[in-house]
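The following exchange works through a single protein chain, from its overall make-up to individual side chains. Please look over the sequence and the model before reading the answers.

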Amino acid sequence: MEELSCYHCGDTIKSCISFDDKSFCCNGCKTVYEIFSENGLTSYYEMETAPGAAPAKLEGKYDFLSNEKIVDKLLEFNDGNVQVISLYIPHIHCSSCIWILENLSKLKPGITASQVDFPKKSLRITYNSEKLTLKDLVLFLSSIGYEPYISLDDSETGKKKINRSIIYKLGVAGFAFGNVMFLSFPEYFEVNEYWLDQYKGLFRWLMFAFSLPVVFYAAQDYFVSAYKGLRANILNIDVPLALGVLVLFVRSTLEIIFDWGSGFFDSLTGLVFFLTLGKFFQQKTYNFLSFERDYKSYFPIGITRINPDGKEESIHVHDIEKGDRILIRNEELIPVDGILINGKARIDYSFVTGESEAVEKESGDKLFAGGRQVSGMIEIEALKSVSQSYLTKLWSNDVFQVKKEDSFTSFINHISKYFTSVLLLIAFSATAFWLFIDVATAINVFTAVLIIACPCALAMSTPFTLGNLLRIFGNKKFYLKNAGVIEQLAKADTLIFDKTGTITSNKKSNISYEGVTLTSEEEFLLKNTLRASNHPLSRSLYDMLAEYDIVAPEEFREITGKGIESVYHKQAMKVGSADFVGSTIAGTSLNTSVHISANNEYKGRYVFFNEYREGVQELFTELAPQYHLSILSGDNEGEKTRLTELLPASTQMLFNQKPEDKLNYIASLQKEGKKTIMVGDGLNDAGALAKSEVGIAISENVNVFSPACDAILDASRFESLPKFITASKKAMSVIKVSMILSFLYNVVGLYFAVTGQLSPIIAAILMPFSSISIIAFTTICTNIIGRKI
């Protein structure tokens with residue numbers, strides 16, 4: 001009688017439970033299916049046959065999650081009724097797992113968002129604590145077969161233990177290989193001594209015994225991976241390796257049973273040993289060349305710290321210490337958990353939760369890292385030093401990303417899909433040919449072909465090339481959100497630059513005042529109005545009024561692209577464009593101007609004579625022959641004459657551009673098939689940065705951290721932008737060359753394998769060697785590229 005398997009988890013059914021014309025092994029699996037069915041998510045089962053796991057019985061296991069102190073240590077974010085937690089889910093193993101876990105909001109009321117990090121097997125969940133407790137959340141995940149691993153040893157949830165299994169497997173395979181080789185000596189040298197000959201059968205069965213732990217333990221990863229792939233109708237790269245090991249084992253076992261010969265146990269154990277050794281060295285190499293995966297921890301975010309004497313100083317975000325008093329301006333990101341001291345806080349936690357509705361906080365309330373202050377300035381006391389890994393997680397949050405395809409990765413995945421099919425066809429064809437000539441050679445040919453053509457080297461070329469370049473760019477103060485940005489940089493044919501704060505330096509502007517002389521009270525209010533703003537012109541003007549004391553305005557409002565206004569002790573101040581402050585003299589000056597009104601009475605304007613960054617002319621001259629260049633500015637045409645003299649004649653210049661105009665301009669270029677890079681200061685350019693293929697924010701001691709951008713470039717490296725783009729193009733060339741080398745290796749290797757000139761053991765040695773050689777090639781090439789930046 002044919003055994004039934006569970007529709008949900010695939011396990012053999014001992015006591016059948018039927019529901020909806022389907023068979024289940026237990027009520028738990030049936031319940032999970034019912035949950036999916038009721039919520040219209042049964043397409044989960046179309047992605048893979050029996051993709052789920054049987055839910056465990058968890059009565060009382062997670063009672064400790066009712067303890068608020070423990071929960072606070074585990075939570076990543078906790079503000080009112082919104083909580084965020086990252087959980088390690090060991091059972092995540094395929095695309096169907098990702099699909100169901102990122103659709104949790106449809107399954108459980110209270111869950112608002114869920115995001116899977118597949119390589120780390122982690123799940124980040126945002127949920128409403130009024131509708132769902134952490135304990136209920138964990139029990140729900142367990143009930144659908146995704147029980148999390150929760151570590152209470154430290155504050156990091158789901159921290160994985162060191163996996164030493166590959167070392168154990170290497171030891172078992174090495175021990176067995178050595179003993180099998182020793183036992184094979186009489187057969188190798190055809191020793192005819194009587195006492196050896198009479199124990200020949202024993203030696204063969206001992207070799208069989210030594211091969212058992214090798215096949216069923218040391219090589220089990222290949223069988224498990226191949227089985228999962230075949231169950232999902234996918235021929236993955238482990239199928240040929242598993243098939244090669246299986247053929248050698250079955251053939252060798254049959255030989256000793258029927259006394260045909262000694263089999264291929266030496267080749268079998270040697271094959272697994274060298275495959276495992278290669279995997280071990282690949283892992284060690286990868287860890288050694290870890291490419292500083294926390295490269296984004298070097299964000300050039302400048303934070304304003306208020307010293308005990310009331311003076312302000314700009315410090316690097318790394319320098320924040322517990323107890324520091326920090327000034328957070330309008331639209332700035334809170335870099336560290338803290339307590340609100342002064343000011344009215346309206347915090348937008350959409351970076352963390354995806355919800356854009358701001359929450360109001362009062363003095364003494366706790367504020368969490370990742371919130372953005374959206375109403376004036378506040379002062380907080382830091383509760384801890386900054387957690388850069390948390391900022392990295394915010395920047396990489398898929399809530400704020402439009403997926404920008406990494407076509408090289410897609411190309412390799414596409415190749416790998418058909419690679420195994422072609423490889424199996426070659427292996428069976430070559431074996432069929434050799435079976436008519438020599439059976440022993442046919443077995444060797446079959447196994448050698450399956451092993452030598454493993455596409456591991458091909459798969460490694462892209463991540464190692466781009467990963468190393470990410471590290472190099474980070475060391476050069478150019479910080480990319482992910483590896484796909486490098487490919488987009490290489491494809492670009494159009495660069496668009498904002499003017500103020502991007503090609504101009506806020507530290508070098510010459511400022512003059514035209515209009516009615518401001519009283520000291522008005523200058524005092526002007527300074528403290530500007531204090532809350534991050535706009536480059538505001539920062540320049542604020543620095544000029546350094547002698548006045550600092551206070552927090554009672555009311556503050558900033559309107560993007562127009563200006564700012566504040567009220568202090570019933571005195572009102574407006575700063576911004578002529579229209580915004582109520583001036584009728586707009587357009588009388590062609591220079592960049594900031595207009596002032598006090599108590600609705602127009603006072604005058606500050607005129608800025610911009611100083612351009614060093615190397616701007618050389619940068620545009622270098623880019624002009626290869627790229628379409630544009631300047632988009634929110635200012636008037638006052639700088640047009642100077643820019644015309646400074647920049648190449650082909651540079652397009654557009655002035656009086658509002659934020660929406662910049663976004664629309666990029667959209668129009670993209671309709672023409674252009675691949676765009678937008679370079680801005682991250683403030684008024686958020687929409688344009690997000691719309692472009694690559695959005696680069698220039699940072700100059702200002703907190704412009706924004707998920708809208710794909711890269712952050714330290715202002716001191718602005719003139720190196722062409723070198724970064726050139727390096728990206730060269731990196732793509734390195735990937736292409738490494739692909740060609742990998743293909744050539746496979747073609748040469750297949751020739752020797754098909755013609756019977758390559759034994760399985762030599763193939764097993766060469767296979768990991770090819771992968772390591774590709775890693776070395778890409779690393780050396782990218783390091784050479786990096787030296788030229």
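Q: What percentage of the 789 residues of the chain count as buried?
A: The model is predicted, and its secondary structure comes to 28 helices and 28 strands. A residue counts as buried when its relative accessible area is under 20%. Of the 789 residues of the chain, the share that counts as buried is 52%.

Q: Among contacts in the chain between residues at least 6 apart in sequence, what percentage join residues at least 24 apart?
A: Contact here means heavy atoms within 4.5 Å. Among the contacts between residues at least 6 apart in sequence, the portion that joins residues at least 24 apart is 67%.

Q: Which residues touch the most other members of the largest nonpolar core?
A: The largest nonpolar core has 49 residues, and helices that each supply at least two of them include α7 (165-188), α11, α12, α15 (407-435) and α27 (721-754). A second, separate core holds 48 residues, among them Val485, Ile486, Leu619 and Met739. In the largest core, the residues touching the most other members are Val245, Phe265, Leu268, Val272 and Val449.

Q: Which residues are in contact with Leu268, leaving aside its neighbours within four places in sequence?
A: Leu268 is one of the residues that touch the most other members of the largest nonpolar core. With its neighbours within four places in sequence left aside, Leu268 is in contact with Ser211, Val215, Val245, Leu248 and Phe249.

Q: Which helix gives the most to the nonpolar patch?
A: The surface patch covers about 700 Å² and is made by Trp205, Leu246, Val250, Leu254, Ile257, Phe258 and Trp260. Four of its residues come from the helix that gives the most, spanning residues 238-257, which is α11.

Q: Is Trp260 buried or exposed?
A: Trp260 lies in the loop between α11 and α12 (265-288), and Trp260 is also one of the residues that make the nonpolar surface patch. Exposed means over 50% relative accessible area. Because its relative accessibility is 53%, Trp260 counts as exposed.

Q: Is Ser630 buried or exposed?
A: Ser630 has its place in strand β24, which runs over residues 628-632. Not counting residues up to four places away in sequence, Ser630 touches Leu495, Ile496, Phe497, Thr651, Gln652 and Tyr665. Because its relative accessible area is 1%, Ser630 is buried.

Q: With the side chain of which residue does the side chain of Ser630 make a polar contact of 2.7 Å?
A: A polar contact of 3.4 Å joins the side chain of Ser630 to that of His628. The polar contact of 2.7 Å made by the side chain of Ser630 is with the side chain of Tyr665.

Conventions
Residues numbered from 1 in each chain as written. Predicted model: local features only at pLDDT ≥ 70, side-chain atom pairs only at ≥ 80, totals over all residues. Heavy atoms only, no water. Patch = residues over 30% accessible without salt bridge, like charges linked within 9 Å, V, L, I, M, F, W, Y side chains within 5 Å. Areas by Shrake-Rupley, 256 points an atom, 1.4 Å probe, with all protein chains shown as cover. Salt bridge = Lys/Arg side-chain N within 4 Å of Asp/Glu carboxyl O. Helix = DSSP H or I, 4+ residues; strand = E, 2+ residues; numbered from the N terminus. Buried < 20%, exposed > 50% of the residue type's maximum accessible area, 1.4 Å probe, protein only. Core = buried A, V, L, I, M, F, W, Y, C linked by side-chain atoms within 4.5 Å. Polar contact = N/O pair within 3.5 Å; in protein donor to acceptor, adjacent residues only side chain to side chain.
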